[in-house]
Amino acid sequence: MEHRGISTPGGDDLDNLHDKGIHLSIWNYPYVSENSPEFRKIETCGYFIRNEEGNTALFRAMADADDLVACFDFTNPDCTVWYKDRIKRALRSGADVIKTDFSEAVPENARLYDGTTGVESHNKIPFLYAKTVYEAMAEYFAEEGKGRIPMLWGRSGFAGSHRYPAAWAGDSCSSCTNHAAILRGGLSLALSGVAYWGFDLGGFYKTDSHGDECMPSEEEYLRSFELGMFMPLARAHGKTPREPWHYSAHVLETARRYDEVRHELEPYLYHCAVEAHLFGKPILRPLLYEFPDDLTAAGIDLEYMLGQGFLVAPPFDRKSYPVWLPEGCWTDFWTGNAVQGGRWITAEPDLDTLPVFVREGTLLPLQASDSRVTDAPFIVREVRIYQGGTAHTAGPADGFWYDTDESGKILRRRAEG
């Protein structure tokens, strides 16, 4: 759940949310308006980026913004100490996740505390912004002693950003063709070491012929929603409503089905997340990552692997299109039909179907679609293993999957629990 604003609800409101297993993400803005009552006090402390003349660098964070703003200088150690305290206050009030939005708009002629220019720091500032917030969360959770793991939502970064998860694709549009651009960006990011990634389900923006913000079409929304449910992280977000109940009953029912499937798959997705933590393996993977000797797979960027076991081939704006299946036997996730790989097949999915294939040898732990996710190990209702195009219940000798306990200790679990 994401809350946008400067202040956060607290007390009974957040206690009620937490009792229901709902965690709060708050939107964070790294700029301060020159008209803010806090501005002069912060400026006096020297926590803002300065210009060439040594004055606070003022600029518009967006082209159509009314106010000029200043940006925090995250190269200044005194500023980061002060800023961490502000983040810890938000956590103390009950926030669970921080969305580190913006911070890329630094004037080119700026001069930072460490001597670098705005040009040199265009990507460094978003990185240091996320680093500061993540470290504040880690410090606070360590003091709290409950084994909680920090998480933020960041849209920009730099070399080393993979250490401060997670990332999302920024302000994407809703068109089905743009979904392909989103995927290509995610695959490139995965090869750069960023393991935890997602995008705005439904797209962040869509405009009509008059340039006014409007809702995505049902096709745009469903294609985006289905794709997002088979991504490392899933979040619906946009300038107009993105919840499925704002659309038709058919859209709502289809979205509910995909949401339930994702919930069932959470033990598998969490296994992939632990793999990323232990070994640096991205959760979203280009085919070439899993099949480095497959020369055809090396040139494919409109399909992807979700972990080691799932191959996903989105339609985007296509009605009929080729899908490359690497060598081996694959199982259609929806129908259970076996499909031999090492060849191209033709996909013609209806609007309710995202083509998904399960790789031979995949161990798939599943929880109940209506189960509640807590900090405790998953309650797995079924473990499937896919062999020769069929799925059967796994036994104790069929491998393991990763989980964690309430303290964050990593567990290797087998079918007998």
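Contact, in these exercises, means heavy atoms within 4.5 Å. The structure is a predicted model, in which local features need pLDDT of at least 70, side-chain atom pairs count only at pLDDT 80 or more, and totals for chains, interfaces and linings use all residues. Residues are numbered from 1 along each chain as its sequence is written, and side-chain values use heavy atoms, with hydrogens and water left out.

**Exercise 1. Describe the surroundings of Thr-404.**

Step 1. Locate the residue. Thr-404 belongs to strand β22 (residues 401-404); helices (H or I, at least four residues) and strands (E, at least two) are DSSP runs, numbered from the N terminus.

Step 2. Assess its exposure. Thr-404 has a relative accessible area of 10% and is therefore buried. Buried means under 20% relative accessible area, exposed over 50%, and partly exposed in between (1.4 Å probe, protein chains only).

Step 3. List the contacts. Beyond the neighbours within four places in sequence, Thr-404 touches Tyr-270, Val-274, Asp-375, Ala-376, Pro-377, Lys-409, Ile-410 and Leu-411.

Step 4. Look for a polar contact, that is, a pair of N or O atoms within 3.5 Å; within protein, one must be able to donate a hydrogen and the other to accept it, and residues adjacent in sequence count only if both atoms are side-chain atoms. The side chains of Thr-404 and Tyr-270 form one at 2.8 Å.

**Exercise 2. Determine the span of helix α6 and what covers its buried residues.**

Step 1. Compare the spans. Helix α6 (residues 218-229) has 12 residues, and its first and last C-alpha atoms are 16 Å apart, close to the expected 16 Å. The expected value is 1.5 Å times one less than the number of residues.

Step 2. Count the buried positions. In α6, 10 of 12 residues are buried, among them Tyr-221, Leu-222, Phe-225 and Met-229.

Step 3. Identify the cover. The elements over these buried residues include α5 (176-191), β9 (200-201), α7 (249-279) and β12 (304-306).

**Exercise 3. Place strand β18 among its partners and describe its two faces.**

Step 1. Find the pairings; two strands pair if DSSP finds at least two bridges between them. Strand β18 is joined to β13 by three bridges, in an antiparallel arrangement. Phe-310 has Val-358 of β18 as its bridge partner.

Step 2. Turn to β15 (residues 329-332), which runs antiparallel to β18 and is joined to that strand by three bridges. Here Trp-330 is matched with Arg-359 of β18.

Step 3. Examine the faces. In a regular strand the side chains alternate between the two faces of the sheet. In β18 (residues 356-359), Val-356 and Val-358 lie on one side and Phe-357 and Arg-359 on the other, and all are buried.

Step 4. Examine a residue of β13. Val-312 lies in this strand (residues 310-312) and is buried, at a relative accessible area of 0%. Its contacts, not counting residues up to four places away in sequence, are Phe-230, Glu-303, Tyr-304, Leu-354, Pro-355 and Val-356.

Step 5. Follow the chain to the loop between β18 and β19, where Thr-362 is placed. Thr-362 is buried at 8% relative accessible area, and its side chain reaches the backbone oxygen of Arg-359 at 2.7 Å.

**Exercise 4. Classify the ring pairs formed by Phe-72.**

Step 1. State the rule. Rings of Phe, Tyr and Trp (its six-membered ring) pair if their centres lie within 6.5 Å; planes under 30 degrees apart count as stacked, over 60 as edge-to-face and the rest as tilted. By this rule there are 32 aromatic pairs.

Step 2. Apply the rule to Phe-48 and Phe-72. Their ring centres are 5.7 Å apart and their planes stand at 40 degrees, so the pair is tilted. The two residues are 24 residues apart, Phe-48 in the loop between α2 (39-45) and β4 (69-71) and Phe-72 in the loop between β4 and α3 (77-92). Phe-48 is buried at 3% relative accessibility, and Phe-72 is buried at 4%.

Step 3. Apply the rule to Phe-72 and Tyr-83. This pair is edge-to-face, with 5.0 Å between centres and 65 degrees between planes. Tyr-83 lies in helix α3, 11 residues from Phe-72.

Step 4. Extend to the cluster. Ring pairs link Phe-48, Phe-72 and Tyr-83 with Phe-39, Tyr-47, Phe-74, Trp-82 and Tyr-129.
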